[in-house]
Amino acid sequence: MFNLKKIFFKYFVYYPVVIIRGEWIYPHYKRLMKSQFYSKSNIEAIQLKKLIELHSYAKTSVPYYKQMFSGDISDLDDLSKFTFLEKDILRARPKDLLSINPKGSIRSKTTGGSTGAAVTIYKNNCAMAEELAATWRGYSWAGIEIGDLQARFWGVPFDKKSRLRAQLIDWVTNRIRLSAFSFSDSDIANYVALLNKKKPIYFYGYVSMIKQFADYLDKNNISLNFNLKAVITTSEVLSGSDREYFEYVFKCKVFNEYGCGEIGTIAHECEYGKMHITAENMIVEIVDANGSVVPPGVPGEIVVTDLTNYSMPLIRYKMRDFGVIDPEACRCGRGLPVLKEVHGREYDILINSKGEKFHGEFFLYMIEDAKKENMPVRGYQIEQISYNKMIINLVVDDSIYLQIQNFLMRRILENFDSSIELIFNQVPSIAREASGKLRVIKRSFS
C-alpha cells in the first residue's frame, strides 16, 4: 500500500505540479547524480563556465552589478575581486538586485530568518528546478526518494492564506507537518498516534523539535510502531550527543543539512557523515576577518555565490555563518567539496567586555557538561543584551535549579568574562521565533 502511495504522489502529484510550474527537475537531477562523482577539476570547470555566464549576464541586466563589475573572468580566483553582498543590502536594495531581463517566470520567496528580519528574494523557475534537484540528490544519500512520506517538524504560518498554501505544499510533497507552536506533551501524544497511523518513511526538521519529541518517547518508554529510514536535521546546531541520542531513540541514521532560505540547501551529509557542497550549483568560499579567501582547513566566514539564479543573482553572498572546507576527500568517492565545522551565525557569537568573540558552541558545551554532572536541562536560552549583561533562561527541575545556576555562573565567569552580570530565570518553556526556530544563543546588540 505504501509503495502505491509513493508512486501516486511521485508520478501523479509531485511531477505534474513541478512540470506545470516550469520546474521540471528530472533532467537536472539526472545530471547531478552523474556529476557528483566527477573529479575536483571537472567540477571546477562546471563552476567556471557557469560563473562566466552569470557574470556576463549580471553586468548587463542587473542594476546593482552594472555599477560593480568590470573586466572579465578567466578563472575561479577572479571571483575574489568582487565586493561581498551583505544581507542588509539585499533587504535595502532589492530592486537594484532584480534583473531587468529575467529568464523564465519568476517567483518570490520571503525568508524570516532567525533574527526576524525578513529577506525577500526572487528566483526563476529553472533556478528553482535546479535547487529542488540538488535537494533530492542530497536526500538520496539518506536513502530517501521523491514520494516517500515525511514527518516534518516545522513551523506553521500564522495568517490563513499562508497556512492554506503550506497545507497544499505539504500535500503535494507528501508530508505531515507537526507544528512547532503546538508541542506540549498532549500535542506530542496526538502526534505519536498520528505518526503510528501514517507511518512516515523519515523525519525532517528542527533539531530542537525532534529532540523534544525524542525526549517524550524516551521519558514515557514509548516505541513507534514503524521503522524510520532516516532522520534529516536542519536549521539548528546538531551536536554529537544529539545525533547519538536520535539514533538511539529512533533506531536509524541521522543526516544533517546546511543551507538558507535565500539559496536553498548548500550542503548535505552523505552516508559517511561528510557534508558535501552542491558545487555544480554554487561556489562556496571561506574568508577571514579581512575578507581574504583562506585555504582548505582554515576556518572563516562562509560566502556563497549562487550560479543558477538569474532573476536576482546572489554573488559572494555573506552567510554570517562560519565553517571550514575539509582538505581531505571523502571515502564515498564524490568529488564534491566537503564543508565541516559549521558554526553559529553572527547573532550566535557572544562578545565579552574585552571584545573577544565566542562561538555559540562554547556555551552549548557547558550545557552538555552540566548533563554529564547529573544536571539535565530540558531547555535553555542564553541572551547577551550588552557587553556586561547576560540573561540565562533555564527549563529545569526545582531540585537542581540552584545547582546548575552555580555551575553555569562559575563556568561563564571563569571562561568568558569575570565582570559580566548574569541574570538567571527558571522558566516553563523557551519561546520560539516566528519562523519556528528555537534560538538558544542570542546577542541582541550590535
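Strand 9 and strand 13, the latter covering residues 338-343, are joined by two bridges and run antiparallel. His-276 is the residue that stands opposite Val-338 in strand 13. I should state at this point that we are looking at a predicted model.

Strand 13 has a further partner in strand 12, residues 317-325, and that pairing is antiparallel over three bridges. There, Val-324 stands opposite Lys-340 of strand 13. As a general reminder, the strands of a sheet pair through backbone hydrogen bonds, in either the parallel or the antiparallel sense.

Where do strands 9, 13 and 12 belong in the order of the open sheet? The sheet has 11 strands, and its order is 4-3-5-6-7-8-9-13-12-11-10, so written that strand 13 stands between strand 9 and strand 12. The pairing across this sheet is mixed. Its edges are strand 4, residues 175-179, and strand 10, each of which pairs on one side only. From one strand to the next, the twist averages 35°.

Within the same order we find strand 7 followed by strand 8. Four bridges join these two strands, which run antiparallel, and Glu-257 stands opposite His-268 in strand 8.

Allow me to turn to the helices on this sheet. Helix 9, residues 185-198, packs on the sheet and touches strand 3 (150-154), strand 4 and strand 5 (202-206). The direction of helix 9 makes about 175° with that of strand 4. Helix 11, residues 240-250, lies across strand 5, strand 6 (230-234), strand 7 and strand 8. With respect to strand 7, helix 11 runs at about 130°.

I continue with the other sheet. Four strands form this open sheet in the order 18-17-16-19, again with mixed pairing. Why is one side of strand 18 and of strand 19 left without a neighbour in the sheet? Strand 18 (421-426) and strand 19 (441-443) stand at the edges and have a single partner strand each, so one side of each remains without a neighbour. The twist here averages 15° from one strand to the next.

Strand 17, residues 389-395, runs parallel to strand 18, and six bridges join the two. Met-390 stands opposite Leu-422 in strand 18. Helix 13, residues 398-415, lies across both strand 17 and strand 18, and runs at about 160° to strand 18.

Next, the enclosed spaces. How many cavities of 30 Å³ or more does the structure hold? There are two. The largest cavity has a volume of about 70 Å³. Among the residues that line the largest cavity are Lys-123, Glu-130, Glu-131, Ile-263, Asn-281 and Asp-306. Helix 7, residues 125-140, gives the most to this lining, with four residues. By class, the lining of the largest cavity divides into four nonpolar, three polar and four charged residues.

The second largest cavity has a volume of about 30 Å³. Its lining consists of Gly-138, Tyr-139, Ala-142, Ile-232, Phe-255, Asn-256, His-268 and Glu-269. Helix 7, strand 7 (253-260) and strand 8 (264-269) are the elements that give two or more residues to this lining. His-268, then, lines the second largest cavity and also stands opposite Glu-257 in the pairing of strands 7 and 8. The classes in this lining are four nonpolar, three polar and one charged.

I come now to an open site, the second largest pocket. Its volume is about 800 Å³. Which residues lie nearest the centre of the second largest pocket? They are Lys-40, Glu-44, Pro-296, Ile-325 and Pro-337, out of 32 lining residues. Helix 3 (40-61), strand 9 (275-277) and strand 10 (282-287) each supply at least two residues of the lining. Strand 10 gives the most, with five residues. The lining of this pocket has 20 nonpolar, five polar and seven charged residues.

Finally, the chain as a whole. It contains 13 helices and 19 strands. The C-alpha atoms fill a box of roughly 65 × 60 × 45 Å, taken along the principal axes. For a chain of 446 residues, a compact globule would have a radius of gyration near 22 Å; the chain has 22 Å, which agrees.

Technical notes: Residues are numbered from 1 along each chain as its sequence is written. This is a predicted model: local features need pLDDT of at least 70, side-chain atom pairs count only at pLDDT 80 or more; totals for chains, interfaces and linings use all residues. Side-chain values use heavy atoms; hydrogens and water are left out. On a 1 Å grid over the protein atoms alone, a cavity is a set of points where a 1.4 Å probe fits but cannot get out, and a pocket is an open set with protein on both sides within 12 Å along at least five of seven lines; lining residues have an atom within 4 Å of a point. Grid points are joined across faces, edges and corners, and a volume is the space filled by probe spheres set on the points. Ala, Val, Leu, Ile, Met, Phe, Trp, Tyr, Cys and Pro count as nonpolar, Asp, Glu, Lys and Arg as charged, and the others, Gly among them, as polar. Two strands pair if DSSP finds at least two bridges between them. Axes are lines fitted to C-alpha atoms, for helices over the stretch in contact, and angles run from 0 to 180 degrees between N-to-C directions. Contact means heavy atoms within 4.5 Å. The radius of gyration is taken over C-alpha atoms; the globule rule is 2.2 Å times the number of residues to the power 0.38.
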